[in-house]
Amino acid sequence: MKVLADHEREQSGAGGGLPAADGEVQGSWIIPVLVALIGAFMSILDSSIVNVAIPTIMHVFNTDTSTVEWVVTIYMLALGVIVPLSGWLGDKLGFKKLYVIALVIFTFGSLLCTLSWNVDSLIAARVVQALGGGLIMPTTMAMIYRMVPRERIGSAMGVLGIALFVAPAIGPTLGGYLVEYVDWRWIFTINLPIGVLGVLLSLVLLPDFPSAEAGRLDIGGAVTAAVGLFTLLLALSKGADWGWTSEAIVFLFYTSAVSLGLFIYLELTCANPLLELRVFRYPAFTLANLMVVVTTIGLFGGIFYVPLFLQTVRGLGAMETGLLSMPGALASALMMPVTGRLYDRIGPRLMAVTGLVVLAITTYLFHFLDIVTPDRVIITWLILRSVSMSFASMPAQTAALAGLPPELVGRASAMTNIINRVSGSFGIAILTSILNHRTALHATQLASQITADNPAVTAFFQQVALYLGSGSAATQAKSLGTTYLAGLVSQAAFIRGIDDIFVVMTGFALAGVLPAFFLQKGPGGARPGFGGGE
């Protein structure tokens, strides 16, 4: 491809955030980065804020669970379809113009969600919202790498990390508050003034990014990527509900494999591919994205399973669960700028290795989670995990793009966002499957201990009969006692299954340590090919 062929010519300008022609925007980058953060924060927040409103939406629109779940699912699927187009659109329109258009579409989609009159109109509005939201994040990352000098890119990505880590964590808390004390529509209405403000600030404060020679749209790549990612994400999100071996899920996986295989062939043979797969020839990009997979699974695993435990086992509401999770989110927000500055000073390797090791340790602590675990202990574990996640993830996200020539950043950021989204969905799907299997196994083991010759079981039934009295109480006592014990077995099995999940997640964290040793800070490690040259 032309941009790869021009790499050596552009490399002299790659040491800064922009090629030499655009160097005038390098001076003051903090305000533009903060402006770009508005859209990134909103788009990520809307991936998690809606979850807590699902029961209310189901009641208001008088619909069933399988239908209302599409309010969440369709947003994720539409994101996966639109993200591959972000690099080409950024080159064609210019990244500032694309960012403003994306933010307008996202805000308009939020307005449609607010005005929805039934569940079908809400699902359609979520598609519009996602079409804008899916373009925002890769466009934001591409703009940052063009606005910020390379020696300060860690600090800038530390600011962006606030959106990456804090938005998913505070989504349930904010959503729970709005649903419980205001109105469920406000989870969308709140986007309107922020979106309008973001558009106005972007028009005034973001530097102009001139359009580049984008070439003709790779229609074959766009279609195969859309079909492959849509079917893959749908299969991963619905596999547990429909059954992993069901005909529908097997067909979705087969369609995804064929489509993505054809997509790879087209991209490697096309003169102007939609996604430049040749960026994987850069060792820093490839290794950093392996870490992105690991840290994304760790992030979404913690966000998903700790609240699941608190609400299912401890019986907490969404608002209470969010408040318990809030200290960890705040710790991430405070640490992100710190880790960004450290990246600029010492590079990614030491930070990433240390972060992953501590992440593995703190994740393993959740293996001891139980119904009697004090809230302060859970909060402490969450804070430690969030801090270690900041050290592990931010260097990976930054190093993935820091070593690339500027003209490849737009396409590569789209690739990183796709990897991020697929790995999050894949991690949740795999971990949920393991959770179901381990819970069933533990339930069988625990149930086998409830026998008539077990002294503890006999004593329990005697206590129940004594409490209810004589006569027909014996039969009633056996029925009530059996029901009670079955509930205890089910709860204990689920807790042990959750504990097992955190052991598996510990293994994921440790698996990222090896590629972390090879991360490099910037252009020095950006030569194509793992052998050190072309």
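Helix α19, which covers residues 406–447, is a good place to start: its 42 residues reach 60 Å from first C-alpha to last, close to the 62 Å expected at 1.5 Å a residue. Helices here (H or I, at least four residues) and strands (E, at least two) are DSSP runs, numbered from the N terminus, and the expected span of a helix is 1.5 Å times one less than its number of residues. Helix α19 has a kink of about 30 degrees, centred on Ala 412; the bend at a residue is the angle between axes fitted to the seven residues ending there and the seven starting there. The model is a predicted one, in which local features need pLDDT of at least 70 and side-chain atom pairs count only at pLDDT 80 or more, while totals for chains, interfaces and linings use all residues. Residues are numbered from 1 along each chain as its sequence is written, and side-chain values use heavy atoms, with hydrogens and water left out.

Two residues of α19 help to show its surroundings. Met 415 belongs to this helix and is buried, at a relative accessible area of 6%. Here buried means under 20% relative accessible area, exposed means over 50%, and partly exposed lies in between (1.4 Å probe, protein chains only). Neighbours within four places in sequence aside, Met 415 is in contact (heavy atoms within 4.5 Å) with Leu 275, Glu 276, Leu 277, Phe 280 and Phe 285. The C-alpha atom of Met 415 is also 8.6 Å from that of Pro 138, although 277 residues separate the two along the chain. His 442, another residue of α19, counts as buried because its relative accessibility is 8%. Beyond four places in sequence, His 442 touches Ala 493, Arg 496, Gly 497 and Asp 500.

The chain as a whole has 22 helices and 0 strands. Of its 534 residues, 55% are buried. Among contacts with a separation of 6 or more, 84% join residues 24 or more positions apart. About 22100 Å² of the chain is exposed, and carbon and sulfur atoms supply 68% of that area; accessible areas come from the Shrake-Rupley method with a 1.4 Å probe, and for residues only the protein chains shown count as cover.

Helix α15 (residues 283–312) offers another example of helix geometry: its 30 residues should span 44 Å at 1.5 Å a residue, and its end C-alpha atoms are 43 Å apart, which agrees. This helix is mostly covered, with 22 of its 30 residues buried.

Turning to the interior, the largest nonpolar core has 126 residues, of which Ile 144 and Phe 285 touch the most other members. Helix α9 (residues 119–147) gives the largest share of this core, 14 residues. Another core, of 21 residues, lies apart from it and includes Leu 324, Trp 381, Leu 435 and Met 505. A nonpolar core is a set of buried Ala, Val, Leu, Ile, Met, Phe, Trp, Tyr and Cys residues joined through side-chain atoms within 4.5 Å. With neighbours up to four places away left out, Ile 144 meets Val 33, Ile 153, Ala 156, Met 157 and Leu 160.

Ala 156 sits in helix α10 (residues 153–182) and is buried, with a relative accessible area of 0%. Outside its four-place neighbourhood in sequence, Ala 156 touches Trp 29, Val 33, Ile 144 and Val 148. Gly 340 is 184 residues from Ala 156 in sequence, yet their C-alpha atoms are 6.8 Å apart. A further pairing across the chain involves Arg 345 of helix α16 (residues 318–346): its C-alpha atom is 8.8 Å from that of Gly 154, with their positions 191 residues apart along the chain. Arg 345 itself is exposed, at 66% relative accessible area.

Glu 267, in helix α14 (residues 247–269), counts as buried because its relative accessibility is 0%. Its contacts beyond four places in sequence are with Asp 218, Gly 221, Pro 273, Leu 274, Leu 275, Leu 277 and Arg 278. Asn 62, by contrast, is exposed at 71%, and its place is in the loop between α4 (54–60) and α5 (65–68). Most residues other than glycine have a negative phi, but phi of Asn 62 is positive, near 55 degrees.

As for the cysteines, the structure holds 0 disulfides, a disulfide being a pair of cysteine sulfur atoms within 2.5 Å. Cys 113 is buried, at 0% relative accessible area, whereas Cys 270 counts as partly exposed, at 24%.
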